[in-house]
Amino acid sequence: MSEFTKYVNKVSQLSKEAEEDLLPRLKSKSFRKGQVINTEGQICKNLFFIDKGLVKHYYHHKDRVFILRFFLETNFFTVLDSFANQTPSQFNTIALEDTETSTIDYADFDELCRKHHSFETFSRKLFTMAAVVNLKRIKEMFDADATELYKEFINENHHLLQRISLGETASYLGISQVTLSRIRSKK
């Protein structure tokens, strides 16, 4: 059984038939460090599971870059609204390291949802989990000051610190690198 299906079964147990139907639909895709996976204006046609590596979702606003999320091993990622609605993405996704993924395209995903109640249940739970994480991220951006955001980021993402740059950390927190340096020097 692939890591993809192991994780699916952790979220929601698939029927034997659904799992057998899923496995041949999975494809492997590799991305080099710095390779763009999805761009703004492009429809995101795949749900990805990271077997190895690290990616980020980000967007440009005026002349600033805002990082929305980092995704690493044993995580699913997609541009949720673009994938679910098959509409152009408002975000970009790029590999921060050489990345190996297992992926399923939208047509296969949709067909599995229609054919197998257990896969549709997985889909609902996965999208719900993603929505909850996104709402938490929005709330913390409104409620916390830069120092609190950094402390929370360190607490929840200490494993990322050796894998991302200070600039990426600052961009994720919505602050400048100068502000981040000041916060870090207070420790």
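## How the labels in this structure are earned

The buried residues of α7 are E168, T169, A170, S171, Y172 and L173. This is a predicted model, and the questions below go through the reasoning behind some of its labels.

Q: Why is α7 called largely enclosed by the rest of the structure?
A: Buried means under 20% relative accessible area. Six of the eight residues of α7 are buried, so α7 is largely enclosed.

Q: Which elements do the buried residues of α7 pack against?
A: They pack against β4, β5, α5, α6 and α8.

Q: Why are α6 and α7 called oblique to each other?
A: Their axes are 10 Å apart and the packing angle is about 120°. Roughly perpendicular covers 65 to 115 degrees, and roughly antiparallel begins over 145. The angle of about 120° fits neither range, so the pair counts as oblique. As for handedness, α6 passes α7 in a right-handed crossing.

Q: Which residues make the contact of α6 with α7?
A: From α6 come L149, Y150 and F153, while α7 brings T169, Y172 and L173.

Q: What makes up this contact in terms of nonpolar, polar and charged residues?
A: Five are nonpolar, one is polar and none is charged. Tyr counts as nonpolar here, so Y150 and Y172 fall in the nonpolar group.

Q: How do the axes of α5 and α6 meet?
A: Helix α5 (residues 117–143) and helix α6 (residues 146–157) have axes that come within 9 Å and cross at roughly 145°. The contact is made by K136, E140, M141 and D143 of α5 together with E148, L149, E152 and E156 of α6. Two of these residues are nonpolar, none is polar and six are charged.

Q: How do you know that R137 is buried?
A: R137 lies in helix α5. Its relative accessible area is 11%, and buried means under 20%, so R137 qualifies. Leaving aside its neighbours within four places in sequence, R137 is in contact with I67, L68 and Y172.

Q: What makes up the largest nonpolar core?
A: That core has 19 residues, and those with the most contacts inside it are L54, F70, F153, L160, I164 and L173. At least two residues each come from β4 (54–61), β5 (64–72), α6, α7 (166–173) and α8 (177–185). The most come from α6, with four residues. Looking at L160, and leaving aside its neighbours within four places in sequence, we find contacts with L54, F70, L72 and F153. There is also a second, separate core of 18 residues, which includes F4, F49, F76 and I104. In soluble globular proteins, nonpolar side chains tend to be buried together.

Q: Why is T74 called partly exposed?
A: Partly exposed lies between the buried limit of under 20% and the exposed limit of over 50%. T74 has 43% relative accessibility, so it counts as partly exposed. T74 sits in the loop between β5 and β6 (76–77). Although it is not a glycine, T74 has a positive phi of about 60°.

Q: What makes Q86 partly exposed?
A: Its relative accessible area is 24%. Buried would need a value under 20% and exposed one over 50%, so Q86 is partly exposed. Q86 is found in the loop between α3 (80–85) and β7 (92–95). Its phi is near 50°, a positive value in a residue other than glycine.

Q: Where does G174 lie, and what phi does G174 take?
A: G174 comes just after α7 and takes a positive phi of about 75°.

Technical notes:
Residues numbered from 1 in each chain as written. Predicted model: local features only at pLDDT ≥ 70, side-chain atom pairs only at ≥ 80, totals over all residues. Heavy atoms only, no water. Axes fitted to C-alpha atoms, helices over the stretch in contact; angles between N-to-C directions. Contact = heavy atoms within 4.5 Å. Buried < 20%, exposed > 50% of the residue type's maximum accessible area, 1.4 Å probe, protein only. Core = buried A, V, L, I, M, F, W, Y, C linked by side-chain atoms within 4.5 Å. Left-handed = near helix turned anticlockwise from the far one by under 90°.
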